Amino acid sequence: MKVLGISGSLRAGSYNGALLRIAGQRLGDGIRLEIHDLSAIPLYDASLDGEVKPEPVRTLLEAIASSQALLFATPEYNYSIPGVLKNAIDWASRPAYASVLANRPAGILSASMSAVGGARAQAHLRDVLAATLTPVYPSPDFLLPMAQNAFDDQGVLQDEAALARLEPYLRGFLDWVIAHGR
Ligand SMILES: Cc1cc2nc3c(=O)[nH]c(=O)nc-3n(C[C@H](O)[C@H](O)[C@H](O)COP(=O)(O)O)c2cc1C
């Protein structure tokens, strides 16, 4: 099974990128996390969204189409998701209700530098994914608060409590994906 990991942060040293990589190491045998970098995706322009789409968009669409599930890790920017992530979803969302995102199961993680950061971004992401008919794993939000204290300099998660919450989240997510039957 291939799970496509999508981080809403382009930042070098991103905590969300690090969280995705750690999740990828814990998915279990036979399940591969491929992380897709959104940095080359142009700003959405409907006049470029024809038969032949920009090459980075085609690559994104192929990566989504060849995955059994999506795993997002998103920061919260001004109480919502980063424009980078919304922009990529907008590209992937056409044709409406019949895009590569439709009926493709997704999980959501977030890391932030505050105690409650990420919760509002996750709520917004769930709303956006409702528009694309992307089912989201029905679970309490997986939030990694105070991320600046949770990782060491190599991006290894040192927060044992967070790891102890991540494992059951991923197990439940994968069971749900398999039950979803994609
Ligand atoms: C433009 C901008 C807006 C932000 N807004 C919020 C916010 O609303 N809530 C929050 O908890 N953190 C906010 N932050 C802090 C980010 O959550 C924090 O920088 C986080 O580490 C970014 O994720 P990353 O490490 O994956 O890049 C904001 C950061 C930026 C750059």
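**Exercise 1.** Describe the span of residues 1-147 by its end-to-end distance and its helix and strand content.

Solution. The C-alpha atoms at the two ends of residues 1-147 are 29 Å apart. Helix makes up 31% of the span and strand 17%. Helices (H or I, at least four residues) and strands (E, at least two) are DSSP runs, numbered from the N terminus. The model is predicted: local features need pLDDT of at least 70, side-chain atom pairs pLDDT 80 or more, while totals for chains, interfaces and linings use all residues. Residues are numbered from 1 along each chain as its sequence is written, and side-chain values use heavy atoms, without hydrogens and water.

**Exercise 2.** Determine which elements supply at least two residues each to the lining of the largest cavity.

Solution. A cavity is a set of points on a 1 Å grid over the protein atoms alone where a 1.4 Å probe fits but cannot get out; lining residues have an atom within 4 Å of a point. The lining includes Ile6, Leu38, Phe72 and Leu101. The elements sought are helix H2 (55-65), strand E3 (69-73) and helix H3 (83-92). H3 gives the most, with four residues.

**Exercise 3.** Locate Tyr79 and state its phi and exposure.

Solution. Tyr79 lies in the loop between E3 and H3. Its phi is near 70°, a positive value in a residue other than glycine. Tyr79 has a relative accessible area of 53% and is therefore exposed (buried is under 20%, exposed over 50%, partly exposed in between; 1.4 Å probe, protein chains only).

**Exercise 4.** Identify the residues joined by a cis peptide bond.

Solution. The bond joins Arg94 and Pro95, with omega about -5°. Pro95 is in the loop between H3 and strand E4 (106-111).

How values were computed:
On a 1 Å grid over the protein atoms alone, a cavity is a set of points where a 1.4 Å probe fits but cannot get out, and a pocket is an open set with protein on both sides within 12 Å along at least five of seven lines; lining residues have an atom within 4 Å of a point.
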